[in-house]
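I opened my notebook to look through this structure, starting with the core and moving on to the backbone. Here is what I looked up.

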Amino acid sequence: MHFPKSNVDRILQNRKGDCEMKRDEFDSQCNSLLLSAEKLIPEKDLPDLPYMELAPTVHDWYDFEHELWEIGENIRQLILTKKKDLGAEQADRVCKICENIKAKRGRQSFVMLLGKKRFLHYADRIASILPDDDIDGHIIGTLYKMGASQYVDHIKPYADHRMTWIKNEAKRYIQKYGL
């Protein structure tokens with residue numbers, strides 16, 4: 001799905017340049033993307049939309065969910081192309097987006113941004129979001145990548161999840177960190 005040219009697009013046009021971006025330039029772009037994401041999150045909870053016609057067990061997405069997801073992915077691309085990583089304040093902002101249920105499924109790409117061993121100190125906050133149908137599988141995958149081994153009991157119920165990919169994430173986690 002493509003969205004009209006926005007501030008996010010303009011910010012990211014500059015990201016295609018030299019990988020030797022200075023830290024302050026990276027921070028400026030990343031912070032602008034995070035601010036855009038934070039502004040997209042509705043102030044109140046919205047009801048789930050009707051189920052999708054082609055996926056009758058999945059609710060349709062609000063436009064803001066798509067936009068949020070895309071911003072998280074754009075941050076991931078910025079990190080990869082510029083060979084930088086989130087600073088402490090940025091990682092905390094990402095975690096706050098993950099914790100905000102009003103952001104619905106738009107949080108998925110933000111949860112994945114924390115899937116590194118260096119963000120292990122966020123594991124308790126990320127694990128405390130479970131259960132959350134919008135991001136359960138993403139949380140399990142992120143805890144696995146963080147090396148957060150202490151959540152086997154929290155994740156065991158997902159080994160029988162109705163969605164195969166979530167079931168597989170749980171089994172992978174349990175196989176690595178289970179007794």
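**Core first**

I began with the largest nonpolar core of this predicted model. It holds 47 residues, and Ile75, Phe110, Ile126 and Leu143 touch the most other members. I then looked up where the core residues come from: helix 2 (23–40), helix 3, helix 4, helix 5, helix 6, helix 7, helix 8 (152–155) and helix 9 (164–177) each supply at least two of them. Helix 3 gives the most, with six residues.

Next I picked Ile75 and listed its contacts, setting aside neighbours within four places in sequence. Ile75 is in contact with Cys30, Leu33, Leu34, Leu86, Phe110 and Leu113.

**Backbone oddities**

A reminder to myself: most residues other than glycine have a negative phi, and most peptide bonds are trans.

Lys83 is not a glycine, yet I found a positive phi of about 55 degrees there. I placed Lys83 in the loop between helix 3 (63–82) and helix 4 (88–99).

Lys104 also caught my eye, with a positive phi of about 50 degrees although it is not a glycine. Lys104 sits in the loop between helix 4 and helix 5 (108–113).

Are these two lysines buried or exposed? I looked up both: Lys83 has a relative accessible area of 66% and is exposed, whereas Lys104, at 9% relative accessibility, counts as buried.

Last entry: which peptide bond is cis? I noted the one from Leu130 to Pro131, with omega near -5 degrees. Pro131 is in the loop between helix 6 (123–127) and helix 7 (136–146).

Methods: Residues are numbered from 1 along each chain as its sequence is written. This is a predicted model: local features need pLDDT of at least 70, side-chain atom pairs count only at pLDDT 80 or more; totals for chains, interfaces and linings use all residues. Side-chain values use heavy atoms; hydrogens and water are left out. Helices (H or I, at least four residues) and strands (E, at least two) are DSSP runs, numbered from the N terminus. Buried means under 20% relative accessible area, exposed over 50%, partly exposed in between (1.4 Å probe, protein chains only). A nonpolar core is a set of buried Ala, Val, Leu, Ile, Met, Phe, Trp, Tyr and Cys residues joined through side-chain atoms within 4.5 Å. Contact means heavy atoms within 4.5 Å.
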